[in-house]
Amino acid sequence: MAEPVLEVNGLVKHYPLTQGVLFRKQTGAVRAVDGVDLVLGRGETLGIVGESGCGKSTVARLLVSLERPTAGEIRYRGEDITRLSGRALKAVRRNIQMVFQDPYTSLNPRMTVGDIVGEPYEIHPEAAPKGDRRRKVRELLEVVGLNPEHVNRYPHQFSGGQRQRIGIARGLALRPEIIVADEPVSALDVSVQAQVVNLMERLQGEFGLAYVFIAHDLSVVRHISDRVGVMYLGRIVETGTDTEIYDHPTHPYTQALLSAVPVPDPEARAHRERIILYGDVPSPTDIPSGCRFRTRCWKARERCALEVPALAVPEAFRAVGGPAAHDSACHFAEEKHVVADGNRPG
Ligand SMILES: Nc1ncnc2c1ncn2[C@@H]1O[C@H](COP(=O)(O)OP(=O)(O)O)[C@@H](O)[C@H]1O
Ligand code: SF4
Ligand SMILES: [Mg+2]
């Protein structure tokens with residue numbers, strides 16, 4: 001793996017649940033993020049995948065310091081940025097930028113595209129002298145495949161895909177080292193998704209960016225990710241290289257997610273096993289004991305309710321090695337081929 005630029009250890013974000021108007025009393029907590037470990041290498045893409053509500057956006061906001069964690073550390077180039085404030089924090093934030101999920105609501109409808117893309121320069125005036133900003137903004141529009149002549153238009157005059165390009169241009173304005181993209185293509189038509197992913201790949205090479213690329217569907221991140229982390233109820237349950245996760249998944253949740261990915265070839269589709277998950281995702285205010293996936297796991301046994309499985313290489317694979325020997329938080333991890341070979345998504 002490339003030299004790490006971001007190392008996350010034991011990241012926790014709990015939102016207090018309170019009751020009462022006069023005397024607010026904490027009655028519980030939403031355990032949105034509940035002990036996440038991640039490593040992001042320089043210039044690499046880490047995909048984070050999981051169902052809606054599993055804590056992906058909360059992780060994203062923590063990584064870009066829009067929120068403070070309840071516990072844990074986020075090391076950027078070795079320094080724990082959760083302890084920084086004031087000028088030191090501002091300097092770090094310049095290097096870790098975010099692209100938001102919804103290009104319809106994340107752009108201010110009353111601002112011109114030029115003002116939106118140039119907004120980061122208002123917060124970090126040192127990044128571009130005032131007289132030079134217009135030129136820089138036009139350059140950025142060109143870089144993301146938009147017409148620089150449209151700098152005075154408003155967001156509603158652009159299509160969804162173009163709006164996400166505007167969001168990406170804004171994310172690039174300060175020349176960050178890391179971009180955290182929170183479901184950047186989920187709100188877009190399928191036909192446009194690939195264009196935006198391809199653009200992000202090109203920009204990654206051009207600007208030497210490292211991405212944390214969040215999605216709710218494994219097929220979206222396969223194409224762009226060097227490594228993938230699968231998230232469930234506030235934790236990473238399996239993580240590895242794209243080959244390890246897509247071709248040799250050992251966690252039942254990853255296997256279920258993969259079995260739900262659309263397979264274009266009808267013959268392959270007929271031959272593959274579809275894993276149906278029972279029930280709903282439990283509430284993050286009431287997380288099951290032991291393995292948090294056990295209420296929906298078809299393999300759950302008594303041990304699963306008693307012992308929290310650690311995110312580590314399962315014992316069964318430790319001695320053998322190979323692509324199945326990657327981190328998986330399951331007491332009974334085993335390989336299962338869910339997608340027919342040669343018909344991988346993405
Ligand atoms: N500010 C907040 N206050 C209370 N609960 C929150 C807050 N933000 C998120 N949550 C809860 O945390 C959980 C994870 O949310 P989120 O990170 O948005 O998940 P995802 O992006 O994976 O859909 C959800 O149950 C959500 O309702
Ligand atoms: S630890 Fe048990 S419940 Fe959890 S994923 Fe593994 S088999 Fe399923
Ligand atoms: Mg989200």
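This briefing covers confidence, the two sheets, their packed helices and the two ligand shells.

The model is predicted. Its chain has a mean pLDDT of 92, with 98% of residues at 70 or more. One sheet has 7 strands with mixed pairing; another has 4 strands with antiparallel pairing. Ligand 1 has a shell of 5 nonpolar, 6 polar and 1 charged residues. The shell of ligand 2 holds 9 nonpolar, 1 polar and 2 charged residues.

**Confidence and annotation**

- Residues 340-346 stay under a pLDDT of 50. The model gives this stretch 18 contacts beyond four places in sequence.
- Where pLDDT is low, predicted coordinates should not be read in detail.
- UniProt, in an unreviewed entry, places the feature "domain: ABC transporter" at residues 6-258.
- The span 6-258 is 35% helix and 28% strand. Its end C-alpha atoms lie 27 Å apart.

**The 4-stranded sheet**

- This open sheet runs in the order E2-E1-E4-E5. Strand E2 (25-41) and strand E5 (79-80) are its edge strands, and each pairs on one side only.
- Strand E1 (residues 4-19) pairs with E2 in the antiparallel sense, over 13 bridges. E1 and E4 also run antiparallel, joined by 5 bridges.
- Val12 has a bridge partner in each neighbouring strand: Asp34 in E2 and Ala71 in E4.
- Further along the E1 and E2 pairing, Leu17 stands opposite Gly28.
- The hairpin of E1 and E2 has 5 residues between the strands. In this hairpin, Gly20 takes a positive phi near 90°.
- Helix H1 (residues 56-63) lies across E1, E2 and strand E4 (71-76). H1 runs at about 70° to E2.

**The 7-stranded sheet**

- The strand order of this open sheet is E6-E7-E8-E3-E9-E10-E11.
- Strands E6 (96-99) and E11 (327-328) each have a single partner strand, so one side of each is left without a neighbour in the sheet.
- Strand E3 (residues 45-49) and strand E9 (residues 227-232) pair in the parallel sense over 4 bridges. Val49 stands opposite Val230 in E9.
- Helix H9 (residues 252-259) packs on this sheet and touches E3, E9 and strand E10 (235-241). The direction of H9 makes about 105° with that of E9.

**Ligand 1 shell**

- The surrounding residues include the run Ser52, Gly53, Cys54, Gly55, Lys56, Ser57 and Thr58, as well as Gly50.
- Tyr15, Val30, Ala32 and Pro284 are also in the shell of ligand 1.
- E2 and H1 are the elements that give two or more residues to this shell. H1 gives the most, with 3 residues.
- H1 therefore has two roles in this picture: it lies across E1, E2 and E4, and it contributes to the shell around ligand 1.

**Ligand 2 shell**

- Four cysteines surround ligand 2: Cys291, Cys297, Cys304 and Cys330.
- Phe293 and Phe332 are in this shell, along with Pro252, Pro309 and Ala300.
- Arg294, Lys299 and His331 complete the list around ligand 2.
- Which class has 9 residues in the shell around ligand 2: nonpolar, polar or charged? The nonpolar class does.

Note on methods:
Residues numbered from 1 in each chain as written. Chains lettered and ligands numbered in written order. Predicted model: local features only at pLDDT ≥ 70, side-chain atom pairs only at ≥ 80, totals over all residues. Near = placed C-beta within 6 Å. Nonpolar A, V, L, I, M, F, W, Y, C, P; charged D, E, K, R; others polar. Pairing = 2+ DSSP bridges. Contact = placed C-beta atoms within 7 Å. Axes fitted to C-alpha atoms, helices over the stretch in contact; angles between N-to-C directions. pLDDT = per-residue confidence, 0-100. UniProt positions renumbered as here; feature names shortened; annotations may be inferred.
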